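Here are a few notes to read alongside the coordinates. I have gone through the cavities, the surface and the charged pairs in turn.

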Amino acid sequence: MFGSFERMVALRYLRSRRQEGFISVIAWFSLLGIGLGVATLIIVMSVMNGFRTELLTRILGLNGHATVHGLQSPMTGYDQLAVRIGEIPGVYSVTPQLQSQVMAMVNGAASGALVRGVRAPALMARGIIPDSIVAGSLEKFSGGPSIVVGSRLAEKLRVGVGDKMTLISPSSTPTAFGSVPRMRAFTIVALFNVGMFEYDNTFIYMPLDQAQLFFKSGDTVNAIEVMVGIPDQVDQIRRSLSLVIGDGRYAVDWKQKNSSFFNALQVERNVMFLILTLIILVAAFNIVSSMIMLVNDKRGSIAIMRTMGASRGMITRIFFMSGASVGVIGTGVGSLLGLVFCWNIESIRQGLQTFTGAELFSAEIYFLSRLPAKVDVLEVTLVIVMALFLSFAASIYPSWRAARTDPVEALRHG
C-alpha cells in the first residue's frame with residue numbers, strides 16, 4: 001500500500017529540524033497525549049474490573065448466591081428443607097445457619113460483630129474461609145465453644161489463637177434480679193483474612209449447635225444460604241426456589257441485595273471511560289493541527305514532488321503516514337505502559353506508599369486490603385482500536401489538503 005519513497009519522505013517529515021522544530025514539538029505532544037490517554041484508559045478500566053471481580057468474589061464467597069429467610073420466626077425442619085432445595089437444578093450447595101449481632105469483649109475492649117453459626121463441614125466446603133486462614137486451623141472448630149474470628153477484629157481487640165473472647169447477645173436472660181444480657185466466653189481457634197475490610201473486621205464463625213445454645217433458639221435457623229453453579233443466572237433459580245420453600249419463607253438473591261452497589265460501580269466505570277476518551281480525542285485534534293502546519297510548511301516540497309511526477313495519491317499517503325505514525329507509536333507505547341502498570345499495580349502502590357509515607361489505599365474506605373486490577377483483553381482491544389481510529393481519522397483531512405495543493409501556486413508563492 002505504501003511505497004518505500006512514501007515511507008522515507010513521511011518519516012523525514014516527522015524528524016525535527018530547526019525550521020520545523022515547533023511542528024515536531026506539537027507532534028511529540030500529540031504522541032504523548034495519545035500514549036497517556038491509552039495507558040490511563042487501560043489502567044482505569046482494569047482497576048474497575050478488578051474491583052468488581054474482587055468484591056463479587058468475596059461478597060458471594062461469604063454470603064452465598066441466594067438466602068432463604070422466615071417471614072415471622074426462625075425456621076424449623078431446616079435439614080429437610082435444605083435437601084429439597086438441593087434438588088433444584090443448578091444448586092450445588094445449601095447451608096443452614098444461625099446469625100445474629102453480638103458485642104465482642106476482651107479485657108474491657110469491645111466491638112460489634114456478626115456471629116454466623118454453621119456446621120464445620122459447611123465452613124470447610126466454603127473455600128474462601130479455609131483458603132484465608134492466617135493463624136490457627138479449623139480442626140478444632142467443631143469441638144465445644146470455639147470460634148473463628150476475622151483478623152482485623154482480632155487485631156482491634158488484641159487477641160490471638162487460643163485466647164478467650166466474651167460474646168454478649170442482644171437478647172437477655174430473665175433472672176430473679178431482672179433481665180441480664182446473655183454472655184459467654186469462647187476460645188479462638190483460627191483467624192481469617194479474606195481481604196475485605198468489612199468482613200475481616202466484623203465476622204465471627206461459630207459451630208451451629210453452639211450458636212443455637214448461645215442464642216437459645218432451639219433446633220432452628222434463621223437463614224439458609226444457597227450456592228448455584230452460575231451466579232449470573234441466580235434470578236432464574238430463585239423462581240424455582242420460591243416454589244420449593246413454600247409459604248412463610250422468602251428468598252433473596254445477591255443481585256437484589258447488592259444491585260445499587262454494583263450498578264453504581266458500572267455507572268462510574270462508564271463515566272470514567274467517556275471522560276478518559278476525551279484525552280485521546282484532544283490528542284487526535286493535536287495531530288490535525290500539527291499536520292496542517294506541516295502541510296503549510298511543506299507546500300514548496302509538495303509542489304516539487306508533483307512536478308517530478310508524484311501523484312495526488314502519493315502525496316495523500318505521505319502525509320497520512322506521517323499523522324498515522326504518531327497515533328500508532330503513541331497507541332503502542334501507551335498500551336505497553338498501561339499493561340505493565342496493571343500487572344504490577346500492587347507493587348507500584350506499595351512502593352509509592354513507602355516512598356511518600358502516606359496510606360494510598362485505605363481498606364476502611366475502599367473495602368479491599370489490596371489494589372486489584374483485572375485486564376480484559378476485549379476492552380484493551382477496544383481501546384487500541386478506538387485510539388488508532390481517531391488517529392487515522394485525524395490524519396485524513398491534512399492528507400487530503402496536501403494532495404489538493406496546486407503546485408503552480410505553491411511555487412509562485414514559495
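1. Please keep in mind that this is a predicted model. Three cavities of 30 Å³ or more are found in the structure. The second largest cavity holds about 70 Å³ of space.

2. Have a look at the walls of that second largest cavity: the lining includes Leu 62, Thr 95, Gln 97, Arg 126, Tyr 205 and Glu 225. Strand β2 (91-106) and helix α4 (120-125) each contribute at least two lining residues. By type, the lining splits into six nonpolar, two polar and two charged residues.

3. Glu 225 deserves a second look, as this lining residue also forms a salt bridge with Arg 116, with the closest N and O atoms 3.4 Å apart. Arg 116 sits in strand β3 and Glu 225 in strand β9 (residues 223-228), so the bridge ties together parts 109 residues apart in sequence. Both Arg 116 and Glu 225 are buried.

4. The salt bridges number three. Another one joins Arg 119 to Asp 79 at 3.1 Å between the closest N and O atoms. Arg 119 is in the loop between β3 (109-118) and α4, while Asp 79 is in helix α3 (residues 78-86), so parts 40 residues apart in sequence are tied together. Arg 119 is partly exposed, at 34% relative accessible area, and Asp 79 is partly exposed at 34%.

5. Arg 238 and Asp 253 also pair up, at 2.6 Å from N to O. This bridge links helix α8 (residues 234-245) with strand β10 (residues 249-253). Asp 253 is buried, with 1% relative accessible area.

6. On the surface, Val 25, Phe 29, Leu 32, Leu 36 and Leu 337 make a nonpolar patch of about 470 Å². Helix α2 (residues 21-63) gives the largest share, four residues. Leu 32, in helix α2, is partly exposed at 45% relative accessibility.

Notes:
Residues are numbered from 1 along each chain as its sequence is written. This is a predicted model: local features need pLDDT of at least 70, side-chain atom pairs count only at pLDDT 80 or more; totals for chains, interfaces and linings use all residues. Side-chain values use heavy atoms; hydrogens and water are left out. On a 1 Å grid over the protein atoms alone, a cavity is a set of points where a 1.4 Å probe fits but cannot get out, and a pocket is an open set with protein on both sides within 12 Å along at least five of seven lines; lining residues have an atom within 4 Å of a point. Grid points are joined across faces, edges and corners, and a volume is the space filled by probe spheres set on the points. Ala, Val, Leu, Ile, Met, Phe, Trp, Tyr, Cys and Pro count as nonpolar, Asp, Glu, Lys and Arg as charged, and the others, Gly among them, as polar. Patches are made of residues with over 30% relative accessible area and no salt bridge: like charges are joined within 9 Å, nonpolar side chains (Val, Leu, Ile, Met, Phe, Trp, Tyr) within 5 Å. Accessible areas come from the Shrake-Rupley method with a 1.4 Å probe; for residues, only the protein chains shown count as cover. A salt bridge is a side-chain nitrogen of Lys or Arg within 4 Å of a carboxyl oxygen of Asp or Glu. Buried means under 20% relative accessible area, exposed over 50%, partly exposed in between (1.4 Å probe, protein chains only).
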